[in-house]
Every structure is written in C-alpha cells, then in structure tokens.
Amino acid sequence: MIKDPSKHLLPKFLHESGFLRLFVASQRNKIAILMLHGVIDPDTSAAWKPLRSQLSTEQLTRALSVLASYYHFVSLSEAVEMLAGTRPLIPNSLVLTFDDGYRNNLTFALPILRRFKAPATMFLCTGNITKQTPFWFDRLDYAVQSMAHESTSRHVIPELMEIDFSNKEALKKSFTTFIRKEKKRYTTDTDMRSAMANLTERLEQHSGHGLAEIFANDPWSGILNWEEIREVAALGVHFGSHGVDHTLLGLVPLSIARQEFIESQKMIEYYTGQPCIHLAYPDGSFNQEVISLARDCNYTSAVTIVSGLNQPGDEALALRRIAFPHSDSPAEVIIAASGLSAQWQKVKKNIPNLYSTGRKKIQ
Ligand SMILES: [Zn+2]
C-alpha cells in the first residue's frame, strides 16, 4: 500500500530534504487561501469543549511562524485583484479566512495575526449576530454531550443509537460521522435544519441542559456582536458574508439565496463602513446559479471548501480553500498549505485500485 505523504516520517523527510521548499517555489504563481474557524487557548476555563476539532493558540502561532518563512500574507481583496490581473502577482501569496464569526477570533486569534502582520477576512452570519443565537451545530454538539451521563435513558432518543459514548474519541468520531450523514440525507436546507432542531430540542428536554445557558460568555461557541465588529473594522479587520443564517445556499430556492446575499451585505456594510464584496458559502454549498446570483448581488469573490490553490483566470466566485492544518509539525503545515496534500488526495481518488486492492496490483 502507498502511504499518505501527510503521515508518518515522510513529511519530515520532505521538509528536511528541501523538497517542500522546491515544491512551494514551483507553485509560486498560485494563491493559497486557508480556512479557519475557532481558535482558543486550551487553558481558558470553559464549561465544555466542542467535539469538532479546534485550533489552539499555540498551533496557530507555530503554523504562522512556519508559513511566514515560505509565504507572503496578503488580504483577500489583494488576492482577488492578483487573480483578476489588476494587481501584480506577489509570488507565494497566502490569505487567511475565518468562517462563522466566533468571538474567539478576536480574543485569541487577532493578537497572534497582528504579531505576524497577517491580514484576515472574517465571514459573518448576520442573523446569528443580531439575534445572538448559537449555530445549530454547536447547540446540537452541546446537547449530545449533555447526554453522556444519561446512559440508562438514552434509548428514548433513537438517533443516539448511532453515537458511541464509550469514550471522548469514540464520541468525537461517531458524532462527526452522524452529522456528515445527516447533512447528506436531506435534499433541502429547511428539511435538514428542522430535523436537527427537532433532535436538539428532544435532547435538551431530556437532559435539562442547553447551550443557551452558557452561550453569552462561552469562549467556544460565543459569536461576535455588532459593537465588537464595528470596533475591529475600524482597526482594519475585513469582514465578508457567510449569509444570514448559515443557510446551505445550494439547497434553497434562489429567492432565499438572494435574500441571504442582500440582507447580510447590507448589515455588514452598515456596521463596518466597508463594502461587503466577499462571500464564503456556508458548508461550501453552491452551484452555478448561486455563483451567477452572487455576481448579480455585487460580490467580487466567494470562497468554497473545494481544496486546492487558485491561479489567475480561475472563477473568482468559486475560489478553492485549504483547511488550516491543526498540526504541531512544520512539515505537515507546509504539506497542507502548499496544496500538496490536496493534490495527493486527488491522485488517490483517481487511482482507487492502488488502494482497494493494495500490494497485489502495484507490485
Ligand atoms: Zn460556516
């Protein structure tokens, strides 16, 4: 079997042999856009910890110091202009983007970004901000974890049959699989949302606990408010739209998508005083019609979760992004940011026989 180069000793070898530096140089005319969510100091006192993987302040600091020796940090606007050919391309440009607008982006990530002079765009869900309500996925995560001590009565919630509560790792894995499956099960955003809301309410009723109790001061799930956004916008932080309600734009009627685009844009422009021209499709859900609509609504770029780098001439309303590596290894950070890992995944997909039939086929 061929091993994934992002694992084991290979990353270290690629790094120390100078191969990674050569690879990054060969990709100099492409732009990397990295995607982050929450960032937190693990020593911060909190009532809980989400099951989805979170980036620590230490990992962010280490990764940025490695990236700084390979890349030039540029803003998303600069990158979009470079891709459009209206600004000279800076070799090995890299952009940082944060989805969802967690307050910890400000309290924990921003001071680190400043140290590295790294600009960032933060994508906001304006409905959640105005109503100060948690995201449905954080609320469900909290509700599921609140059932950990209800071992004798968990059977009353049939969906929990798919969740393995035996230890934290098993819980994390089975919950991630469950969410992924649920997202695929429904063909409309409304159906998926109402099924998840219904499940969350039953869990909260059963355990007697809900994220709403701690949300306001929770360092994990707490989101920015308009006052905080206004303050940091004045200090030069850029904001973009992540819709109103974290709606999956490829799974709603175009009239709803239009409403999401226009309403979020209006709110962000009002509170930041900056033009809102960048979008991040929630969960990376979009299609050709959504792209055209975004263009009609005066967005100049939109980022997806399609993994890879961007080059001049690419569709600016469907830019590729790379998940920010949650790793302590400098080699793994560069393997991810350079797009090498994404390329390797693509190769693996195109040669499934090497993996399904193992050694016999590749002797
Ligand atoms: Zn999101």
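# Reading features, case by case

User: I'm looking at Asp-283, which sits in the loop between β8 (278-280) and α12 (288-296). What is the phi of Asp-283?

Analyst: Keep in mind that this is a predicted model. Asp-283 has a positive phi of about 60°, and it isn't a glycine.

User: And is Asp-283 buried or exposed?

Analyst: For that, count the C-beta atoms around it; 20 or more within 10 Å means buried. Asp-283 has 20 C-beta neighbours inside 10 Å, so it counts as buried.

User: Which value does phi take in His-246?

Analyst: Phi is near 55° there, again positive in a residue other than glycine. His-246 belongs to the loop between β7 (238-241) and α11 (254-272). Its count is 19 C-beta neighbours inside 10 Å, so His-246 comes out as partly exposed.

User: Let's move to helix pairs. How are two packed helices described?

Analyst: You give two numbers, the angle between the axes and the distance between the axes. Take α11 and α12 here: their axes come within 10 Å and cross at roughly 40°. That makes the two helices, α11 and α12, oblique to each other. As for handedness, α11 passes α12 in a right-handed crossing.

User: Which residues of α11 and α12 make the contact?

Analyst: On the α11 side you'll find Leu-254, Ala-257, Arg-258 and Phe-261, and on the α12 side Glu-289, Val-290, Leu-293 and Ala-294. Sorted by class, that contact holds six nonpolar, no polar and two charged residues.

User: At what angle do α3 and α13 pack?

Analyst: Helix α3 (residues 57-68) and helix α13 (residues 330-337) pack at about 65°, and their axes are 9 Å apart. The label for α3 and α13 is therefore roughly perpendicular. Their crossing is right-handed.

User: Which residues meet where α3 touches α13?

Analyst: From α3, look at Ala-63, Val-66 and Leu-67; they meet Pro-330, Val-333, Ile-334 and Ala-337 of α13. The classes here are seven nonpolar, no polar and no charged residues.

User: Now burial along a whole helix. How many of the residues of α7 are buried?

Analyst: You go residue by residue and add up the buried ones. In α7 (residues 136-145), eight of the 10 residues are buried, so the helix is mostly covered. Among the buried ones are Asp-138, Arg-139, Leu-140 and Tyr-142.

User: What do the buried residues of α7 pack against?

Analyst: They pack against α8 (168-185) and α9 (189-207). You can try this on α14 (residues 340-350) too, where Leu-340, Ser-341 and Ala-342 are buried. The partners of those buried α14 residues are α2 (19-26), β10 (322-323) and α13.

User: You mentioned α8 and α9. Which residue is found in the loop between them?

Analyst: Thr-187 is one to click on in that loop. With 9 other C-beta atoms within 10 Å, Thr-187 is exposed.

User: How far apart are Thr-187 and Leu-251 in space and in sequence?

Analyst: The trick is to put the two separations side by side. Thr-187 and Leu-251 are 64 residues apart in sequence, with 6.6 Å between their C-alpha atoms. You can read Val-303 and His-278 in the same manner: they lie 25 residues apart along the chain, and 8.0 Å separates their C-alpha atoms.

User: Where is the place of Val-303, and what does Val-303 touch?

Analyst: Val-303 is in strand β9 (residues 301-303). It has 27 other C-beta atoms within 10 Å, so it is buried. Leaving out residues up to four places away in sequence, Val-303 touches Ile-33, Thr-97, Ala-280, Leu-319 and Arg-321.

User: Last one, zooming out. Into which domains is the protein divided?

Analyst: The split gives domain 1 (10-132 + 229-362) and domain 2 (147-208). To place the domains, use their C-alpha centres, which lie 28 Å apart for domain 1 and domain 2.

User: How many residues of domain 1 and domain 2 are in contact?

Analyst: Five residues of domain 1 contact six residues of domain 2. On the domain 1 side, the residues that touch domain 2 divide into four nonpolar, one polar and no charged.

Definitions and conventions
Residues numbered from 1 in each chain as written. Predicted model: local features only at pLDDT ≥ 70, side-chain atom pairs only at ≥ 80, totals over all residues. Axes fitted to C-alpha atoms, helices over the stretch in contact; angles between N-to-C directions. Helix = DSSP H or I, 4+ residues; strand = E, 2+ residues; numbered from the N terminus. Parallel < 35°, antiparallel > 145°, perpendicular 65-115°, else oblique. Left-handed = near helix turned anticlockwise from the far one by under 90°. Contact = placed C-beta atoms within 7 Å. Nonpolar A, V, L, I, M, F, W, Y, C, P; charged D, E, K, R; others polar. Domains from an automatic or database assignment. Buried ≥ 20, exposed ≤ 12 C-beta atoms within 10 Å, placed from the backbone.
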